[in-house]
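Here is a short report on a two-chain model. Keep the coordinates open while reading.

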Amino acid sequence: MKTYFIILILFFTGLAARAQDEGDDKGKIRDRMNEYIQDRLGLSKREAEKFSPVFLRYFQEFRQIRRENRTDNLVLKQKIIDLRIRYRTEFRQIMDEPRANKVFVYEDEFRRKVIQMLETRKDRLGEKPLQRNRSLLQ
Amino acid sequence: MPNKDIIQELSDLGSNLGNISKNIYSVPPGYFDGFSEQLLGFIKASETLSSLPKEMPFNVPAGYFDQLDEKIMEIIRRHPDYQTSQEELESISPLLSSISKRPVYSVPGGYFENFTPGVDEKRTRVVSITARKWFRYAVAAVIAGVILMAGLIAFNNDHKDPASKTLAKFEKEVKKINDVKSTENLIDFMDAGLNEKELARNNTGVKIDDVQLLLKDVSMDELKDFGEESKDIEDVMMTN
């Protein structure tokens, strides 16, 4: 009986550890985008320390807006523009205005590069290209 | 020598002390030679002092302290407000006074006189932990669990991202060529005209090499999700 109990504990411990790893993995791309933008903006260490938490908040809100407004292209556009205007004000308090204005340019650049990288890989491997959300094309 | 400031100050105050130049606190020469004998002779010659009794004034009659405590207690007992300790306790706390005053930690009479420490003659049995059956099973289960988890992780890694594996293998092979010295060159080389679609992308001037390196440890699932998200909003959001 004890043996079965120990095996069960080990099994669930392993599952929990893997689940934790996967949970950590989900935020990697967010952190990479953060690093990329910081690098492109040439932020100092002090600026980067202030920028990171604000950007992570922005990223989460961005995803939430996208999730909640997937079916309405115009509303999605408006809400994301509102979000960016709001966060641009915050970024201007961390860095000078020209660089604060470029945060979203580099964000889009990063997104575009990821799309290209994925499509290049898929072309080479003969996979299907990324599917657009049909509702956005309507 | 007196301080001039002090003399000036005394003079300003109208005092004659400033005019005194010699030390007034002095005695004639040889004053203290024979002073003690002179003083004793004076005391002995004095009638008042010689008439005082020579006994110590602070003394008590013989046996005074032998009965003192009993006398004090007798005076206390005669007082109208006197109570014994039992009566006082009963009046203050009836509950406490009702508790028995016998000591609770007592042993039978002569217990320690007859006490001999007992020695257990029986030898304690030594039981090896490894001899237990369940322990061996537990060790086996731990080892099996570790192997199982390692296998699962390795298996998932093998099947997680075949595209990146293939690309990594391809890059490794191509890097051996001297012309392709860095990953950047390799990506340029690979992107330069595989098909029209990729040519069109290169014309935008955006290179993907730095991002590719940055994202090398990101899982394919997360990349795909992010790619789809970015694709969805590309038409809406791209600022330039």
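## Chains, core and helix packing

Of the 240 residues of chain B, 6% count as buried. Like everything below, that value comes from a predicted model. In chain A, 20% of the 138 residues are buried.

The secondary structure of chain B amounts to twelve helices and zero strands. Chain A has six helices and zero strands. Read from the N terminus, the elements of chain A follow the order α-α-α-α-α-α.

Contact range comes next. In chain A, take the contacts with a separation of 6 or more: 50% of them join residues 24 or more positions apart. In chain B, the corresponding share is 29%.

**The nonpolar core**

Which elements supply at least two residues each to the largest nonpolar core? From chain A they are α2 (28–41), α3 (45–68), α4 (73–92) and α5 (97–125). From chain B, α12 (220–237) joins them. The core holds 24 residues. Its largest share, six residues, comes from α5(A).

Five members touch the most other members of this core: A:I29, A:I37, A:F110, A:V114 and B:L223. B:L223 deserves a second look. Setting aside neighbours within four places in sequence, B:L223 is in contact with A:I29, A:V114 and A:L118 of chain A. In chain B, its contacts under that condition are B:L215 and B:V218. A:I29 and A:V114 thus appear twice: they are among the members touching the most others, and they are also contacts of B:L223.

**Two helix pairs**

Two packed helices are described by the angle between their axes and the distance between the axes. The table gives both for two pairs in chain A.

| Helix pair | Axis angle | Axis distance |
|---|---|---|
| α2(A) and α5(A) | roughly 130 degrees | within 9 Å |
| α3(A) and α4(A) | about 170 degrees | 10 Å |

Take α2(A) and α5(A) first. Their axes cross at roughly 130 degrees, and the two helices are therefore oblique to each other. The crossing of α2(A) past α5(A) is right-handed. On the α2(A) side, the contact uses A:M33, A:Y36, A:I37, A:R40 and A:L41. On the α5(A) side, A:R99, A:K102, A:V103, A:Y106, A:E107 and A:F110 take part. By class, this contact has seven nonpolar, four charged and no polar residues. A:I37 and A:F110 belong to this contact, and both are also among the core members that touch the most others.

Now α3(A) and α4(A). Their axes lie 10 Å apart, at an angle of about 170 degrees. That angle makes the pair roughly antiparallel. From α3(A), the contact draws on A:V54, A:Y58, A:E61, A:F62, A:I65 and A:R66. From α4(A) come A:L76, A:K79, A:I80, A:L83, A:Y87, A:E90 and A:F91. The class count here is nine nonpolar, four charged and no polar residues.

**A closer look at A:V75**

A:V75 sits in helix α4 of chain A. Is A:V75 buried or partly exposed? A:V75 has 13 C-beta neighbours inside 10 Å, so it counts as partly exposed. A buried residue would need 20 or more. A:V75 and A:I65 are ten residues apart in sequence. Their C-alpha atoms lie 9.6 Å apart in space. A:I65 itself is one of the α3(A) residues in the contact with α4(A).

Conventions: Residues numbered from 1 in each chain as written. Chains lettered and ligands numbered in written order. Predicted model: local features only at pLDDT ≥ 70, side-chain atom pairs only at ≥ 80, totals over all residues. Core = buried A, V, L, I, M, F, W, Y, C linked by C-beta atoms within 7 Å. Buried ≥ 20, exposed ≤ 12 C-beta atoms within 10 Å, placed from the backbone. Helix = DSSP H or I, 4+ residues; strand = E, 2+ residues; numbered from the N terminus. Contact = placed C-beta atoms within 7 Å. Axes fitted to C-alpha atoms, helices over the stretch in contact; angles between N-to-C directions. Parallel < 35°, antiparallel > 145°, perpendicular 65-115°, else oblique. Left-handed = near helix turned anticlockwise from the far one by under 90°. Nonpolar A, V, L, I, M, F, W, Y, C, P; charged D, E, K, R; others polar.
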